[in-house]
Amino acid sequence: MKAEKKSMWNERYGSDEFAYGTEPNSFLAENAALLTGPVLSLAEGEGRNAVFLASLGLDVLGVDGSEVGLAKAHRLAESRGVSIRTEVADLAMYEPPASFYGSVVSISAHLPGDVRRRLYPLVERCLKPGGIILLEAYSRSQLSRSTGGPKDPDLLMTVENIKHEFPDCEVLLCQEIEREVVEGEFHTGLASVVQFIGKKL
Ligand SMILES: C[S@@+](CC[C@H](N)C(=O)[O-])C[C@H]1O[C@@H](n2cnc3c(N)ncnc32)[C@H](O)[C@@H]1O
């Protein structure tokens, strides 16, 4: 992650408020029964999703480039009486171990195309056979809305891209939908999102 992006995220997470709230992403919560551990959560931010998964008894590692966000994630975990593991890392260079994880979760991890093309084969490789990748991100259609998400089309998802980016997965769900996303100050209403659930072959 470029230095200016890292300081932008650290600044955003520097307040006492949780930028995306403390409740889990609802697509994740609805589909959590599909997940087994250990879970790798990409771009975990302030910990709302990792803490939720830990509360279900799952072993979770949250990776993010913002040390301020991950420090907050540990405070949230402590306040909920659960334990999570975290790692400060740039996903542009991150390399998870092969055939290790039961699940990978990627919620609002809006990464540049070149970073995704490098990372996603490693994500598939890090799953055990039958492992699950669950992803939700704003779609390109979100560009015309002001309810959240980046304004750079390269960071936004399309159904076509995502299908090709996980070729070693059986697609259990791949759709673009409009839904209310109300998650703290920065995700604030009707939004276009891509949702993907794949099962490692
Ligand atoms: C919109 S926030 C989502 C946070 C969290 N997934 C959630 O749903 O609450 C995006 C997160 O991606 C992280 N991020 C962006 N680019 C990254 C990179 N190259 N490496 C690691 N983390 C990155 C940011 O630090 C930020 O925490």
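**Close-up 1. Surroundings of N49 in helix α3 of the predicted model.** N49 sits in helix α3. Its relative accessibility is 5%, so N49 counts as buried, the cut-off being under 20%. The N49 side chain makes a polar contact: it reaches the backbone nitrogen of N25 at 2.9 Å. Neighbours within four places in sequence are set aside for the contact list. N49 then touches P24, N25, L28, E44 and I107. N25 therefore appears twice, once in the contact list and once as the partner at 2.9 Å.

**Close-up 2. E23 in the loop between α1 and α2.** This loop residue comes before α2, which spans 26–31. E23 has 52% relative accessibility and so counts as exposed, for which the cut-off is over 50%. Beyond its neighbours within four places in sequence, E23 is in contact with R48 and R80. E23 and V51 are 28 residues apart along the chain, and their C-alpha atoms are separated by 9.0 Å.

**Close-up 3. The ligand and the residues around it.** The ligand has 18 residues around it. Those that come nearest are Y13, A43, R48, D64 and I107. Two side chains contact ligand oxygen. For Y13, a side-chain N or O atom is 2.6 Å from an oxygen atom of the ligand. For R48, a side-chain N or O atom is also 2.6 Å from a ligand oxygen atom. A43 uses its backbone: an N or O atom there lies 2.7 Å from a nitrogen atom of the ligand. On its own the ligand has 590 Å² of accessible area, and the protein covers 95% of that. R48 is also a contact of E23, and I107 is a contact of N49.

**Close-up 4. Helix α4, residues 67–80.** The helix has 14 residues, so at 1.5 Å a residue it should span 20 Å. Its end C-alpha atoms are 20 Å apart, in agreement. The buried residues of α4 are G69, L70, K72, A73, L76 and A77. They cover an arc of only 155° around the axis, which puts them on the same side of α4. An α-helix has 3.6 residues a turn, so residues three or four places apart point the same way. On the other side of α4, R75, E78 and S79 are exposed. The cover over the buried residues of α4 includes the helices α1 (3–12) and α3 (48–55). It also includes the strands β2 (60–64) and β3 (85–88). After α4 comes G81, with a positive phi near 70°.

Conventions
Residues are numbered from 1 along each chain as its sequence is written. This is a predicted model: local features need pLDDT of at least 70, side-chain atom pairs count only at pLDDT 80 or more; totals for chains, interfaces and linings use all residues. Side-chain values use heavy atoms; hydrogens and water are left out. Helices (H or I, at least four residues) and strands (E, at least two) are DSSP runs, numbered from the N terminus. The expected span of a helix is 1.5 Å times one less than its number of residues. Buried means under 20% relative accessible area, exposed over 50%, partly exposed in between (1.4 Å probe, protein chains only). The arc is that of the directions from the helix axis to the C-beta atoms. Contact means heavy atoms within 4.5 Å. A residue is near a molecule or strand if one of its heavy atoms lies within 4 Å of it. A polar contact is a pair of N or O atoms within 3.5 Å; within protein, one must be able to donate a hydrogen and the other to accept it, and residues adjacent in sequence count only if both atoms are side-chain atoms. Accessible areas come from the Shrake-Rupley method with a 1.4 Å probe; for residues, only the protein chains shown count as cover.
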